[in-house]
Structure formats: C-alpha cells, structure tokens
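Student: Could you teach me how to read packing and backbone features in a protein model? I would like the general idea and then a real case.

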Amino acid sequence: MKPKMMLKIFVDLGMTVLLMLLMAFELIGQTAHEWIGAGLFLLFLLHHILNWNGSRSLFRGSCTPVRMLQALLTALVLLTMLGSLVSAVLISREVFAFLPIQGGRALGRSLHMLCAYWSFVFLSLLGFHWNMILGMARKLVKGDSRIRRAALSLLGACTAAYGAYALFHRNIPSYLFLQTQFVFFDFEEPLVFFFLDYLAAMGLFVWLGHLPAKGARRL
C-alpha cells in the first residue's frame with residue numbers, strides 16, 4: 001500500500017477516534033474536550049488536503065446520482081464542522097479563552113450540540129467509502145466469495161440493528177432536533193459501553209449511507 005494511502009487511512013481512523021471521544025464530553029472533561037475538538041478540526045483539514053483531487057472532481061464530469069449524493073453530504077459535513085468551530089469559539093473556556101468574545105454562550109451551546117450531532121450523522125453517512133472498506137476486508141479474509149459477502153452483509157446488518165437500539169437508548173434523536181438542551185451521561189457506567197453504543201450508532205448510519213449509494217451506482 002502506498003504511503004499516501006496509508007496516511008489517509010490513519011487520518012480517517014484518527015478522526016473516528018477523536019469523534020468518539022468528543023461525544024463523551026462530560027466523561028472526559030471540558031479541557032480535554034476542547035483540545036480534542038481542535039485536533040479533530042486539524043485532521044479534518046488534513047483529510048481534505050490529502051483528498052483535494054477527489055474533492056475537486058466532485059464538481060467535474062457527468063452529474064451522476066452518486067456524485068450528487070457525495071457532493072451534498074460533503075457540503076453538509078463542511079457546514080456542520082464550521083458550525084461546530086464557530087460555536088466552540090463562543091463557549092470556549094480554555095483553547096479560545098484568549099479571544100475578546102463576550103456573550104452568545106446560550107446560543108453557542110445550542111448551536112454546538114446541534115452541529116456536533118449532525119456532524120456525527122453526516123460523517124457516518126459518508127458510507128460511500130464502505131466499498132473501499134469491503135475491498136480491504138476481502139483481501140484480508142480468504143475463502144469463497146459468496147460466503148464472504150454473506151458474512152460481511154450479516155455483520156453489517158447486525159451492527160445496524162444494534163445501532164438502531166443504541167440510537168434511541170442514548171437519546172440521540174432528541175439531541176439532533178434540540179428536544180433537550182443537555183446531554184445525559186451516566187457517570188457510573190463503564191466508558192467502554194458508551195463508546196460501543198456510539199460506534200454501533202455510527203455503524204447504523206454507515207450502513208444506511210451505503211444502501212442508497214449502492215442503488216445510485218446501479219442507476
């Protein structure tokens with residue numbers, strides 16, 4: 001594997017890890033949350049630098065359904081990430097505390113939660129890259145292709161099913177639509193269970209994003 005491709009994979013994995021840590025805001029502390037958020041934004045910029053040619057190609061050539069979906073999701077990710085950054089500046093007590101900004105904390109908190117959770121959804125929905133993941137899995141897992149495809153499909157479906165349970169168990173829809181202004185955390189719960197549920201919820205959106213992409217490719 002080429003070094004640039006390896007770097008892309010590590011950057012994407014790093015973004016996933018940092019995103020998971022950010023979702024555990026109260027469990028890791030505000031200071032850590034702010035610095036991790038700054039790190040995620042830097043990795044986000046690095047990701048787009050490494051994939052600059054691919055990003056430019058979205059607006060060139062024929063306008064296929066897959067390209068339209070990719071462009072839409074990419075724009076939504078960019079919008080929510082910028083919203084997260086702006087709101088983070090408004091409510092920061094550590095990283096951006098040196099800026100002479102006063103007021104706007106109530107709006108900043110609501111905007112930050114809204115953008116953070118929708119970023120989680122949109123980044124996960126970029127399941128268009130699922131084919132690349134499946135391609136790597138096929139190289140690692142040897143055996144009959146039909147059995148392999150069936151096993152991967154079953155694993156994806158089981159992850160999505162548990163992810164649907166975790167989505168509502170963690171009240172994520174209420175945060176997406178600002179039905180509540182505060183995120184609930186169980187401080188007595190082992191942190192690993194929190195991360196497993198959020199990873200499963202991410203897997204659900206990856207799986208959901210893969211289905212329309214697969215249908216669009218057939219068109």
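Tutor: Let's start with one residue: beyond neighbours within four places in sequence, Tyr117 is in contact (heavy atoms within 4.5 Å) with Met23, Ile172, Tyr175, Leu176, Val183 and Tyr198. This is a predicted model, where local features need pLDDT of at least 70, side-chain atom pairs count only at pLDDT 80 or more, and totals for chains, interfaces and linings use all residues. Residues are numbered from 1 along each chain as its sequence is written, and side-chain values use heavy atoms, leaving out hydrogens and water.

Student: Which residues touch the most other members of the largest nonpolar core?

Tutor: In soluble globular proteins, nonpolar side chains tend to be buried together. A nonpolar core is a set of buried (under 20% relative accessible area, with a 1.4 Å probe and protein chains only) Ala, Val, Leu, Ile, Met, Phe, Trp, Tyr and Cys residues joined through side-chain atoms within 4.5 Å. Here the largest has 38 residues, and Tyr117, Phe120 and Tyr198 touch the most other members. Helix 10 (helices being DSSP runs of H or I, at least four residues, numbered from the N terminus) gives the most to this core, 8 residues.

Student: What is the phi of Asn171?

Tutor: Most residues other than glycine have a negative phi. Asn171, not a glycine, has a positive phi of about 60 degrees. Asn171 sits in the loop between helix 8 and helix 9 and is partly exposed (from 20% to 50%), at 38% relative accessible area. Leu178 also has a positive phi, near 55 degrees, and lies in the loop between helix 9 and helix 10.

How values were computed. Helix = DSSP H or I, 4+ residues; strand = E, 2+ residues; numbered from the N terminus.
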